[in-house]
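Work through the exercises below with the coordinates open. Try each task before reading its solution.

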Amino acid sequence: MVKKMKMRSLLIGGFFTLLFIVFLGRILWIQGVSASKLLNEAEKRWETDRVVPAERGKILDREGRILAEEVPAYSVSLNPKVIYQTGLADDITAGLTEILKDNSDSPNLSDKIKGLATKKRAVDPAAVQSNGAAAADDKKDNKKDAKKEPKPEDAYLVNVEVNNEGKNIDKAKADQVQQLVKKLQQQLNDKDKKKYGTQADVGIYLTTGKKRYYPGNSLAAHILGYTNREGKASMGIEAQLDEQLKGTPGSLSYNSDKNGVELVQSKSVYVPPVNGNYVKLTIDKNIQYYMENALSKVMDQWHPKSLMAIAADPKTMEILGMASYPNYNPNEFWKGGDQTNHNVQSQYEPGSTFKLVTLAAAVEEGVFNPGATFKSGSVQVPGRKPVYDHNRIGWGPITYLEGLKRSSNVAFVNLGYKMLGVERLKDYIDRFGFGKKTGIDLYGEVAGQTNLAYEVDYAAATYGQALTATAIQEAAAYGAIANGGKLMWPHVVKEIIDPKTQQPIQKIEPKVVGQPVSAATAKKVGEYLEQVVADQVKGTGKDAYIEGYRIAGKTGTANKVVPGQKGYAANKWVISFAGFAPVEDPQFVLIIIADEPELGNNYLLGHYVAAPAFKEIMQNSLRYLRIPSSKQQAQVTPVQTSTQKAVDFGNMTAAQAKAAAERAGVDIETVGQGAKVVAQYPKAGTEIGPYQRVYLAMQAPAEIAVPDMKGKALRDALELCALLGIRTASTGEGYVVSQALQGEGSDRVLTLQLQPLGGEVVTPPEEKQAVPEKSE
């Protein structure tokens, strides 16, 4: 017995001795051989890296006004485990559905949120198999029945993000979510105050971040593009200059425990983010507004398939405004809308606005004689039926200048196809940049096509059919005529700005890319195109006439090709208007194109579509840019008028100014209270007509209250506002019937409502019973 006990003790002692040696060896191995490796692995597990996001750069207009910026945003997440415990799944579903419904493009938002609020952990197939085997052996091994059963709530997840609808919501919606949380907390408190209290966890959480915000909503949407909920840039400048805008993220590294809490003695390494650069555009926010306001009226009245417009400074081809319809709101991009910028991404047979190229080529080559006559109506072209004028019968024998005014196709077939010939015509088409991309700094530009294969194609090209062009190509071509024959590179980016110093780090300079015609030719072409607008009897562009300004312009009406078929559709047109002003010193070029407006099978209504919108945009923009009215007003029948220099009324008393005005034969009107004249409009030395009114400020213009403009002609109101340094906008035509002032100081804007004398209401075209005058 004693021997057995000694043997048992020896075995037990040997076992523990061996175990001790193994443990000791392991410790020595860990501390000696593997220490550094294990320490590195441990430090990796302890070390926590956090990305510090960079702030995306702002997009500004040419005056520094914000078009896109980063603003605080909030994201919603749910805790299904807590929601299960509180039984609030249905209340949370109803509440969040109501709050987030505007952010959703899903018809089943309620089902989606309910699914997130009740989402369970994914089931491990191996665990399922193991559990099944264990269940089969329950009768054999009753010890497993004694194991603690998991709680039902353990099957639910503890963090689920509400993407897309709940990601990057604005503060207004975040406040609504907070109100919902408080409501549910009160609901739980009422149910069991002791268990839940007033600050119960209801399973709804908000995290703070940033999102892209476009303060103008749909304003310039097709230029700007947008960033989606994940911050990825899409379309427009956002995509084109993503590398400049997005910056470089920083990082924060530190040691933490298993729960992610930073250790007291940890070493933190912080790499600051580099915020994205600002991008200043050539776009002017106010001109963009004028354009979109006018085009929205065209959309409402004529319902075109698409509608586009481009405004530019012809001296630099900086794009001042660019609009494309149907429009969309980049703040709510998920709601749809047409995100195609038709100005650069769509091509059309341009129609008669393309006659600019034929006219310029004919003038440059010396074959355009404005006084020479031809027989209008029709002309035979080899390989096809006769080419007809838009009224089919023509106007009898007329001059080529009248052919331009009436937009005679026959005149341009004669000029381009017969007189110039196909080789020279094609050369000028190429010179003006058609058939290739302009290289504008915007996403998705197409080139158009000018592959003219047959003689008949060249004949049709003289009046803008059988080839395609984009709006930006046409805008550049008209800009070349306005700019003394220099074809400029169109662009929308003006500067790249350092966000810290607010100083430019890159300036985008204008570039001349060609000289299709001479300066002398460009000047003549501008004067010829002026007659298209100024001639109120024969000019097809008469609807774009603006009193006091010399406007050069050209209408366009092109038949559309039926997709997949040969020939043109009977009642589908592209209506356009292009031009620039003032003719004597062009500073603003504008083109408008409407694709398939609803004209009720009557193309003669086409002149109501683009030209009035052109006039509205041009008129508001010229005033806003403070471009003075033209020195001479072009008329169909020139009338000899005398001009004189405006008297210098500076420092005169009111009585002295009145006497000087009577001697000079001009009217004056004084505003403000003061002893002597401190400013005048027009300025001294400016050429004025006889008895033209001169406005005199008797005190500093900025200090003068805006006078009542009621009853004044538009020109008088504009000149008085120019004296006072007030920007203006107007609606309607005729005389001022009401006014509204906004802003202060140099930012004052006076909106004038105009109406014809006697209160006559201008009847919209669709309400007129008489047949409209014929147009091309």
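The exercises cover two sheets, the nonpolar cores, and the aromatic and charged contacts.

The model is predicted, so local features need pLDDT of at least 70 and side-chain atom pairs count only at pLDDT 80 or more, while totals for chains, interfaces and linings use all residues. Residues are numbered from 1 along each chain as its sequence is written, and side-chain values use heavy atoms, with hydrogens and water left out.

**Exercise 1. Lay out the open sheet of five strands and state what packs on it.**

Step 1. Helices (H or I, at least four residues) and strands (E, at least two) are DSSP runs, numbered from the N terminus. Two strands pair if DSSP finds at least two bridges between them.

Step 2. The strand order is β12-β11-β23-β22-β21, and the pairing is antiparallel. β12 and β21 (552-561) are the edge strands; each has a single partner strand, so one side of each lacks a neighbour in the sheet.

Step 3. From one strand to the next, the twist averages 10°. For such angles, axes are lines fitted to C-alpha atoms, for helices over the stretch in contact, and values run from 0 to 180 degrees between N-to-C directions.

Step 4. Helix α12 (residues 285-302) lies across β11, β12 and β23 and runs at about 25° to β12. Helix α20 (residues 519-534) also packs on the sheet, where it touches β21 and β22, and its direction makes about 75° with that of β21. Contact here means heavy atoms within 4.5 Å.

**Exercise 2. Describe the surroundings of strand β11 (residues 306-313).**

Step 1. Take burial, where buried means under 20% relative accessible area, exposed over 50% and partly exposed in between (1.4 Å probe, protein chains only). Eight of the eight residues of β11 are buried.

Step 2. Sort the side chains by direction. In a regular strand the side chains alternate between the two faces of the sheet. Ser-306, Met-308, Ile-310 and Ala-312 point one way from β11, and Leu-307, Ala-309, Ala-311 and Asp-313 point the other way.

Step 3. Count the bridges. β11 runs antiparallel to strand β23 (residues 588-595), with seven bridges joining them. Strand β12 (residues 318-325) is also paired with β11 in the antiparallel sense, over seven bridges.

Step 4. Follow one residue across. Ala-309 stands opposite Ile-592 in β23, and its bridge partner in β12 is Ala-323.

Step 5. Inspect the turn. Four residues lie between the strands of the β11 and β12 hairpin, in which Met-317 takes a positive phi near 55°.

**Exercise 3. Which residues touch the most other members of the largest nonpolar core?**

Step 1. A nonpolar core is a set of buried Ala, Val, Leu, Ile, Met, Phe, Trp, Tyr and Cys residues joined through side-chain atoms within 4.5 Å.

Step 2. The largest core has 99 residues, and those that touch the most other members are Ile-237, Leu-281, Ile-319, Leu-359, Ile-429, Phe-432 and Val-493. Helix α19 (residues 471-482) gives the most to this core, with nine residues.

Step 3. A second, separate core holds 44 residues, including Ala-323, Ala-544, Phe-588 and Ile-627.

Step 4. Beyond its neighbours within four places in sequence, Ile-237 has contacts that include Ile-59, Leu-281, Leu-442 and Val-493.

**Exercise 4. Classify the pair of Trp-573 and Tyr-603, and find the charges over rings.**

Step 1. Rings of Phe, Tyr and Trp (its six-membered ring) pair if their centres lie within 6.5 Å; planes under 30 degrees apart count as stacked, over 60 as edge-to-face and the rest as tilted. The structure holds eleven such pairs.

Step 2. In Trp-573 and Tyr-603 the ring centres are 6.1 Å apart and the planes stand at 40°, so the pair is tilted. Trp-573 lies in strand β22 (residues 568-581) and Tyr-603 in the loop between β23 and α21 (610-624), 30 residues apart. Trp-573 has a relative accessible area of 7% and is buried; Tyr-603, at 19%, also counts as buried.

Step 3. A charge sits over a ring if NZ of Lys or CZ of Arg is within 6 Å of the ring centre and within 35 degrees of the ring normal. Arg-392 lies over the face of Tyr-388, at 3.8 Å from the ring centre. Lys-511 lies over the face of Trp-489, at 4.3 Å from the ring centre.

**Exercise 5. Lay out the open sheet of three strands.**

Step 1. The order is β29-β31-β30, with mixed pairing. β29 (727-731) and β30 (735-742) stand at the edges, each with a single partner strand.

Step 2. β30 pairs with strand β31 (residues 749-755) in the antiparallel sense over seven bridges, and Ala-740 stands opposite Thr-751 in β31.
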